[in-house]
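Please open the structure in your viewer and keep the sequence panel beside it. The tour below goes from one selection to the next and says what to look for at each stop.

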Amino acid sequence: MLRKTIMILVCVGCCLAASAQTDLESLKEKYEANKRDIKVVKEYVEALEDARKGKEAEQVIKEYMSRCPVLQVEDKDTYLLLNKYVFADPYSNVFEYGIYAVKKMKWDREESSAPEDKAARLKRLFKGLGSGVSGDNEIDKRYEVLMVLSRNLNKEIEKQCEPHFQDERYVWPLYDSLKLERLTYLVNKGQLLGQDGMRLKLAIIKALHTGDNEQVFRDLEVAANLHMTDVRGEYIVAVLTLLSERNLNKNLIDSVLSFVLRISEQEKAEGGSTNYYNLLGRLYALVGDRSNADKYKKMGDAIEAERMERYKDLFKATQSN
């Protein structure tokens, strides 16, 4: 039954794309004659999307946004139209206003009482497959907007705050205080998805920059105890590996070692795959336990070698690009 439904949706999607292509020329002429009318723009953009011309739709929307004042974002039709293509740059004024407007705008909870024929319902379901939400009511639309804003803001925070692996070691991204202040302001401005995780990463990189090693560890420990999904094992390993390269006092090293042993055992019991062993080897070396340091380092190196062998073709392809 499910397979049949999917096939029907795919067929409907193909038919919709063909039908949209037929109407595109007339809609384009209508759009060219009145580029400032949001209803005309919306109709043309939807036709472009039905014809799978996403780049053209994005260009039309960005051209419209360049002509209208930022206050136009408070119009709900404009807001939902801009959502997919414009709320991408966290450093733009329109992104900030998008966070502001999603709180200010009235989102009705009642579903539309208008009758819906079979063709309209199939069209809505087909579009929902691509967007991840059903679009049944305005709460769905609001959630879709929140997903876009949150995803794009989180992506930039990861870029500015998360360590990355380079030349066989972890390194921090360049510290840009202006960008970090802007990102902190945006996170605190709205009610976004994954907000706590974003705040945590911003706080950690600022604490590291000021040399507050104890605060970095306390933040990670609290996040792990709260089971924050945005604080993944690899992120914890990267941060604590870089922290262990600093001149830490013995009490802090002991606390970090106990913490890593605990979370590694927890993740192992839950079927996780994070490689904590190299970090444990480093920490045991710092407390002077050479036997455990060598043991865990060998275990960590073996896991990394097996992983490299398994994914060597993928790694080669990535390096060539």
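Begin by selecting helix α4, residues 76-83, in what is a predicted model. Six of the eight residues of this helix are buried, so α4 is largely enclosed by the rest of the structure. To see which ones they are, colour K76, T78, Y79, L81, L82 and N83, the buried residues of α4.

With the whole protein chain displayed again, the view takes in 15 helices and two strands. Of the 321 residues of the chain, 40% count as buried. Among contacts between residues at least 6 apart in sequence, 63% join residues at least 24 apart.

Next, select G281, which has its place in helix α13, residues 277-286. Is G281 buried or exposed? With a relative accessible area of 5%, G281 is under the 20% cut-off and therefore counts as buried. Now add A293 to the selection and draw a distance between the two C-alpha atoms: they are separated by 4.0 Å, although the two residues are twelve residues apart along the chain. Leaving aside neighbours within four places in sequence, the residues in contact with G281 are A293, Y296 and K297.

Keep Y296 on screen and add Y277, since these two residues form an aromatic pair.

The rings of Y97 and Y100 make a useful stop before that pair is examined, and the count of aromatic pairs in the model comes to six. The ring centres of Y97 and Y100 are 5.2 Å apart and their planes stand at 55°, so this pair is tilted. Both residues belong to helix α5, residues 93-104, where they lie three residues apart, about one turn of the helix. An α-helix has 3.6 residues a turn, so residues three or four places apart point the same way. Y97 counts as buried at 15% relative accessibility, whereas Y100, at 31%, counts as partly exposed.

Returning to Y277 and Y296, you will find a stacked aromatic pair, with 5.9 Å from centre to centre and 20° between the planes. This pair links distant parts of the chain, as Y277 is in helix α13 and Y296 in helix α14, 19 residues apart. Y277 counts as partly exposed at 22% relative accessibility, while Y296 is buried, with a relative accessible area of 13%. Add Y284 to the selection as well, for Y277, Y284 and Y296 form one aromatic cluster.

For another kind of ring contact, select K201 and Y235: K201 lies over the face of Y235, at 5.4 Å from the ring centre.

The last stop is the second largest pocket, which has a volume of about 1,200 Å³. Of the 31 residues that line this pocket, F165, E168, R169, Y170 and E304 are the closest to its centre, and selecting them will bring the view to the right place. Which helix gives the most to the lining of the second largest pocket? That helix is α14, with eight residues. To colour the elements around the pocket, take β1 (164-166), β2 (169-171), α11 (233-244), α13, α14 (290-310) and α15 (312-320), each of which supplies at least two residues of the lining. Colouring the lining of the second largest pocket by residue character then divides it into eleven nonpolar, seven polar and 13 charged residues.

Definitions and conventions. Residues numbered from 1 in each chain as written. Predicted model: local features only at pLDDT ≥ 70, side-chain atom pairs only at ≥ 80, totals over all residues. Heavy atoms only, no water. Buried < 20%, exposed > 50% of the residue type's maximum accessible area, 1.4 Å probe, protein only. Helix = DSSP H or I, 4+ residues; strand = E, 2+ residues; numbered from the N terminus. Contact = heavy atoms within 4.5 Å. 1 Å grid on protein atoms, 1.4 Å probe; cavity = no way out; pocket = protein on both sides within 12 Å on 5 of 7 lines; lining within 4 Å. Points joined across faces, edges and corners; volume = space filled by probe spheres on them. Nonpolar A, V, L, I, M, F, W, Y, C, P; charged D, E, K, R; others polar. Phe/Tyr/Trp six-rings, centres within 6.5 Å; stacked < 30°, edge-to-face > 60°. Lys NZ or Arg CZ within 6 Å of the ring centre and 35° of its normal.
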